[in-house]
Amino acid sequence: MQKIYQDILVAKAQDKKLLAILLDPDKIEMDNLTLLFEKIKSSPATHIFVGGSIVKSNKIDELVLFLKERVSLPILLFPGNPSQISTFADGILFLSLLSGRNPDYLIEHHVNAVPILKKSNLEVISTGYLLIESGGQTAVERVSQTKPLDRNKHEIVCQTAKAGEFLGNKLIYLEAGSGAQLAVPLEMITAVSKEISIPLIVGGGIRSQEAIQDAFNAGADLVVIGNAFENDSNFFNYS
């Protein structure tokens with residue numbers, strides 16, 4: 001049963017905006033997990049994403065289990081390759097890097113992940129992943145050895161997103177990249193949201209609550225924050 005995805009569809013239909021906190025195991029100090037839990041608990045997050053482009057840490061399972069015991073939010077894997085799969089999570093964004101032409105990130109990693117996924121109870125959500133140029137080389141670009149799409153060429157981005165939908169992707173993810181200098185242009189978010197009928201995720205380079213709201217207003221159904229949340233314990237302090 002695709003409960004997580006169905007809930008996202010319902011939220012989209014009701015124009016309820018969603019927020020995911022992306023946790024990179026390589027950037028998290030395991031001794032500070034309790035503090036991390038308190039920060040998540042006091043945030044308006046609706047989902048937790050776990051993963052990254054590289055992830056050298058071997059503590060993904062430990063992180064997921066810690067969160068599962070304390071947080072009622074859906075925990076979705078955001079993997080760069082099959083080694084980052086934890087069967088303790090609730091689901092996985094099955095990412096296909098549609099903006100690049102590296103076969104490893106279009107299909108090869110997916111093929112290698114099948115034996116693991118078949119033995120798990122993870123909800124697999126097919127996701128078209130589009131890397132957008134953001135002012136400098138990001139980890140995604142470096143690791144995947146692919147070039148991002150031009151941030152000024154909205155038409156090709158819209159066509160790529162629509163192709164992903166035609167291919168059967170359930171989500172489209174516009175990504176500026178971890179630590180991006182520039183976020184995905186708001187005009188691009190609007191253009192893509194009007195082009196596709198499936199939910200739109202936007203992440204990378206979003207560093208303020210105002211930027212989150214701007215992405216929502218532009219047409220994002222789910223916004224992802226990572227570095228800004230990890231680096232600022234008062235990110236969601238409304239006082």
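Visitor: Which residues of helix α2 are buried?

Guide: In this predicted model, helix α2 covers residues 33-41, and its buried residues are L33, L36, F37, K39 and I40.

Visitor: What makes those buried residues line one face of the helix?

Guide: Look down the axis of α2: the buried residues fall within an arc of 160°, so they line one face. Over on the other side, T34, L35 and K41 are exposed. To earn the word "exposed", a residue needs over 50% relative accessible area.

Visitor: And what do the buried residues of α2 pack against?

Guide: Two strands and two helices: β1 (18-23) and β2 (47-50), plus α3 (60-70) and α9 (227-231).

Visitor: Let's stay with α3. Why are α2 and α3 called oblique to each other?

Guide: Start with the angle, which is about 50°, with the axes 11 Å apart. Roughly parallel would need an angle under 35 degrees, and roughly perpendicular starts at 65, so an angle in the gap counts as oblique. That's why α2 and α3 get that label. As for handedness, α2 passes α3 in a right-handed crossing.

Visitor: Which residues meet there?

Guide: From α2 you have L33, T34, L36, F37 and I40, and from α3 there are L63, F66, L67 and R70. Sorted by class, this contact has 7 nonpolar residues, 1 polar and 1 charged.

Visitor: What about α7 and α8: how do their axes cross?

Guide: Helix α7 (residues 186-195) and helix α8 (residues 209-218) have axes that come within 8 Å and cross at roughly 35°. Here too the crossing is described as right-handed, with α7 passing α8. On the α7 side the contact is made by L186, I189, T190 and S193, while α8 brings D214, A215 and A218. The classes here are 4 nonpolar, 2 polar and 1 charged.

Visitor: Now P199. Where is P199 found?

Guide: P199 sits in the loop between α7 and β7 (200-203).

Visitor: How do you know whether P199 is buried or exposed?

Guide: Check its relative accessible area, which is 1%. The cut-off for buried is under 20%, so P199 counts as buried.

Visitor: Which residues is P199 in contact with, leaving aside its neighbours within four places in sequence?

Guide: P199 is in contact with Y5, I8, L9, K12, K170, L171, I172 and D221. Take I8 from that list: I8 and P199 are 191 residues apart along the chain, yet their C-alpha atoms are separated by 7.5 Å.

Terms used
Residues numbered from 1 in each chain as written. Predicted model: local features only at pLDDT ≥ 70, side-chain atom pairs only at ≥ 80, totals over all residues. Heavy atoms only, no water. Buried < 20%, exposed > 50% of the residue type's maximum accessible area, 1.4 Å probe, protein only. Helix = DSSP H or I, 4+ residues; strand = E, 2+ residues; numbered from the N terminus. Arc of directions from axis to C-beta. Contact = heavy atoms within 4.5 Å. Axes fitted to C-alpha atoms, helices over the stretch in contact; angles between N-to-C directions. Parallel < 35°, antiparallel > 145°, perpendicular 65-115°, else oblique. Left-handed = near helix turned anticlockwise from the far one by under 90°. Nonpolar A, V, L, I, M, F, W, Y, C, P; charged D, E, K, R; others polar.
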